[in-house]
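Subject: Structure for you to look at

Hello,

Here is the structure I said I would pass on. My notes on it follow below.

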Amino acid sequence: MTDLGCVIAGVDSINPFWLASAPPSDKKYNVERAFKAGWGGAVWKTLGEDPPVVNVTSRYGVHRSHDRSIIGINNIELISDRPLEVNLREIEEMRKEWPDRVIIGSIMAPMDEGAWKSLAVKVANAGVHGIELNLGCPHGMCERGMGSAVGQVAEFVEQTTRWVCEAVGLPVFTKLTPNVTDIMIPAAAAKAGGAHAVSLINTVNSIISVDLDRMTPTPIVDGRGTHGGYCGEAVKPIALHMTAEIARQAETQGLEISAIGGITTWRDAAEFIALGASGVQVCTAAMLYGFRIVEDMNDGLAAFMREKNYRSIEDFKGKASAQTVDWNALNMNHDLLARIDQDSCIECGRCFIACEDTSHQAIRIDAKPEGGRKFTVIDDECVGCNLCMHICPVKDCITMEAVDTDRPYVTWPEHPKNIASKAAE
Amino acid sequence: MRHFKINTESKGLTPQEVAENFDDLHPRLEPAQAVVDAARCVYCYDAPCMNACPTRIDIPKFIHQIRSGNIGGSAKTILSQNIMGGTCARACPTEVLCEEVCVVHHTEGAPVKIGELQRYAVDHLMEAGGDHPFTRAPATGRILAVIGAGPAGLSFAHRAAMMGHEIVVFDAKPKAGGLNEYGLAAYKMADDFAQREVAFLLGIGGIRIEFGKSLGADLMLEELRSDFDGVFIGAGLTNSQSLGAEGEDLEGVRDALDFIEEIRQAKDKSKVSVGDNVIIIGGGNTAIDAAVQAKCLGARNVTLVYRRGPEAMSATGWEQDLATANGVAMRFWAAPKSFSGSGKVERISLSETELNNGKLSVTERSFELPADLVLKAIGQKLDQSAFGDLEIADGKIAVDENYRTSVSGVYAGGDCIASGEDLTVQAVEDGKQAAIACDADLRAAMKGAAK
């Protein structure tokens with residue numbers, strides 16, 4: 001029997017899918033709809049001290065792919081603009097009405113011990129399972145000394161985490177901003193402050209597009225625009241990397257990860273879990289398609305686990321971690337060659353022009369006697385880069401074949417062409 | 001596949017229904033549809049579609065430009081190779097040209113809608129108005145005569161005007177466009193597109209058209225040669241073929257092209273008389289255009305008679321399907337023997353045909369069909385009387401690889417030469433290439449004279 005249940009920083013969840021702290025988790029009405037749809041938990045939209053913030057209109061911009069589907073959203077919305085008391089009352093009600101679902105309270109305050117502690121206690125008293133520290137919003141709040149203005153300074157990350165840990169006896173999730181040079185610095189700071197888990201990534205600081213008629217960045221607020229927080233499918237690779245580093249590096253061992261960043265399908269979630277996340281949080285996919293998308297997240301993840309004989313999330317959590325290494329640990333003697341399956345080739349020539357113009361001139365065109373074009377790989381020129389395989393519009397038409405080089409596993413530090421390694425001998 | 005309103009009961013079609021039948025065969029793509037279909041293009045290198053197009057339009061490029069939102073640039077990519085890209089987008093048998101070889105067939109089972117995307121882009125540019133997208137090279141002081149304002153002649157004129165020459169086009173008809181105006185089904189060229197395209201093309205400047213003048217009657221080739229610096233003949237094929245069948249001169253037996261011309265020129269198409277039993281003889285796209293339009297006018301029984309099987313028809317499979325989907329009956333392996341009737345045609349007698357050792361022969365077996373209108377779509381031939389000493393080969397004007405005829409300074413292209421398929425797109429290519437060749441010859445002569 002496949003069990004999607006999981007434990008994240010000591011919090012039991014019926015499945016690994018939580019709504020991230022964001023517009024979809026702004027109030028009881030939404031969160032209730034999400035729980036009905038099957039989400040395992042919700043991180044309530046970030047709460048601050050009263051009086052509540054005031055938001056602007058409009059708030060979202062989007063990044064589209066060629067077929068007009070949305071691959072990223074940029075938002076300039078601030079934290080919850082509803083009174084604290086209303087939010088706390090609704091959280092309390094939801095905890096009573098949905099005892100098997102997780103509610104985490106997200107909070108944000110300026111660098112003031114009293115502010116953090118009193119907010120954390122108020123939210124804890126509403127009955128949440130844990131507290132998440134929003135140290136990441138890269139727009140608006142940071143101009144008031146909050147959000148990423150806190151998360152970008154390691155000492156502040158450690159300090160705020162410590163304050164909240166001291167104030168409440170609940171699991172503490174420190175939410176990290178990706179807008180830093182090295183994610184390991186704030187992650188280690190969160191650990192030092194006593195965090196049980198880190199949530200990441202918050203949104204990536206961005207300008208999503210420029211309206212070339214109005215010569216204004218979008219979204220436009222009365223003739224002007226500003227940078228905002230970028231999220232959705234397009235940021236997933238950034239989030240995967242940061243998740244992998246925190247999971248595998250020695251200095252952050254023991255810190256659990258609630259992964260966030262473009263998770264749209266069960267497969268995305270499985271990838272984050274394989275790199276070491278205990279659970280995931282989702283916002284953009286829900287904003288694009290509604291809460292119902294969790295149905296296939298649950299279903300697809302369970303099907304994947306059955307197929308691979310994983311009985312629980314724990315069974316494959318971090319399973320890709322050991323294979324995630326520094327470049328210097330890669331085998332310099334590994335060799336691959338591209339192979340083009342002539343039967344499935346549609347003769348579009350994309351592989352040829354990509355290799356010819358931008359890579360290693362390793363694909364040849366010959367006229368077929370019966371008409372048409374035959375594309376073949378010139379083995380001596382192919383460096384096994386994968387470009388042709390990726391750009392080929394036909395699935396599995398170009399594959400990469402391992403070459404038996406009969407050579408040992410040699411890393412760059414050991415490589416004969418590495419002058420630095422020779423000098424060390 | 002479009003389904004027209006056809007006459008399934010005896011009461012006929014209302015004028016409103018007839019008018020709707022002659023609306024656009026394919027409604028234009030909406031912007032969202034165009035972007036979605038453009039995204040299906042895999043952007044082939046040295047693309048098969050481009051090589052299948054007689055005018056070699058850079059199809060991956062123009063589709064990419066639609067995708068990027070550069071619709072005007074997309075249209076210019078098309079028009080730079082084919083100034084009649086608008087007509088070709090409507091009338092080309094794309095199913096046997098660009099779309100037939102589209103590689104997306106292999107991955108998705110259906111090609112990118114290249115023709116419809118081309119129309120989307122060109123319509124956008126033409127409707128946006130503004131300056132003509134091409135400019136003329138400095139004036140050469142040379143003036144060229146063009147015989148025929150059809151696709152070949154106008155394509156030649158446009159390209160030659162771009163290269164700095166002055167052009168006078170002569171046409172026997174009262175309107176320009178040739179078969180685009182007179183010879184294509186009305187639902188393919190809705191909203192007076194042929195005339196709108198001519199007006200757009202003339203926007204380059206330097207082109208004057210004189211109507212009601214035909215070679216041999218009003219104009220002599222020798223005079224044109226002396227009055228102009230070069231002559232291009234794009235006169236088409238103007239003589240009808242004859243079946244040689246008894247009763248062919250009866251009233252009601254006419255050329256399919258005349259019938260199509262009558263429909264095209266009729267302001268109110270419901271006024272075109274068609275009859276109840278229409279027989280079309282022939283197997284090309286003109287036969288289909290005539291047959292389907294007869295149905296569109298409300299003819300009850302329309303039968304296309306062809307002397308061979310469906311695979312031998314030059315009409316594409318798509319055109320054949322359009323006909324059968326709209327109630328045109330196909331009668332294969334039959335050839336007209338005679339027509340009869342008192343004063344006007346009432347019956348057609350047909351012989352069954354068969355292949356004997358690969359050769360088509362007429363059998364003893366015959367049958368009759370009622371007929372009140374018979375449309376002959378058996379091809380046109382060159383009116384050889386007009387061309388003086390020009391060398392004719394196999395019934396067409398002989399040209400070399402640079403479209404030069406046997407007479408110096410005289411070039412020819414389109415249906416009156418044997419260059420490829422008798423398609424608008426081929427005629428446009430002929431005119432364009434002939435203009436390039438003529439320009440090169442003129443410049444070589446100018447250079448020689450300057451030395």
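Leaving aside residues up to four places away in sequence, B:Ala291 touches five residues that can be listed by name: B:Ile280, B:Val302, B:Leu304, B:Ala323 and B:Val328. Please keep in mind that this is a predicted model. B:Ala291 is also one of the residues with the most contacts inside the largest nonpolar core, along with B:Phe232 and B:Ile280. That core has 158 residues, and its largest share, eight residues, is supplied by helix α14 of chain B, residues 285–297. There is a second, separate core of 96 residues. Among its members are A:Ala120, A:Cys142, A:Met242 and A:Ile260.

The next residue to look at is B:Ile348, in strand β11 (residues 347–356) of chain B. B:Ile348 counts as buried because it has 26 C-beta neighbours inside 10 Å, and the cut-off for buried is 20 or more. With residues up to four places away in sequence again left out, B:Ile348 touches B:Ile279, B:Pro336, B:Phe339, B:Glu368, B:Leu369, B:Ala371 and B:Val374. Its C-alpha atom is separated by 9.9 Å from that of B:Glu248, although the two residues are 100 residues apart along the chain.

Last, the contact between the chains. Chain A puts 12 residues into it and chain B 13. On the side of chain B that touches chain A, the elements giving two or more residues are α2 (31–38) and α7 (104–108) of chain B. By class, that side of chain B is made up of nine nonpolar, two polar and two charged residues.

Regards

Notes. Residues are numbered from 1 along each chain as its sequence is written. Chains are lettered from A and ligands numbered from 1 in the order in which they are written. This is a predicted model: local features need pLDDT of at least 70, side-chain atom pairs count only at pLDDT 80 or more; totals for chains, interfaces and linings use all residues. Two residues are in contact if their C-beta atoms, placed from the backbone, lie within 7 Å. Helices (H or I, at least four residues) and strands (E, at least two) are DSSP runs, numbered from the N terminus. Ala, Val, Leu, Ile, Met, Phe, Trp, Tyr, Cys and Pro count as nonpolar, Asp, Glu, Lys and Arg as charged, and the others, Gly among them, as polar. A nonpolar core is a set of buried Ala, Val, Leu, Ile, Met, Phe, Trp, Tyr and Cys residues joined through C-beta atoms within 7 Å. A residue is buried if 20 or more other C-beta atoms lie within 10 Å of its own, exposed if 12 or fewer, and partly exposed in between; C-beta atoms are placed from the backbone.
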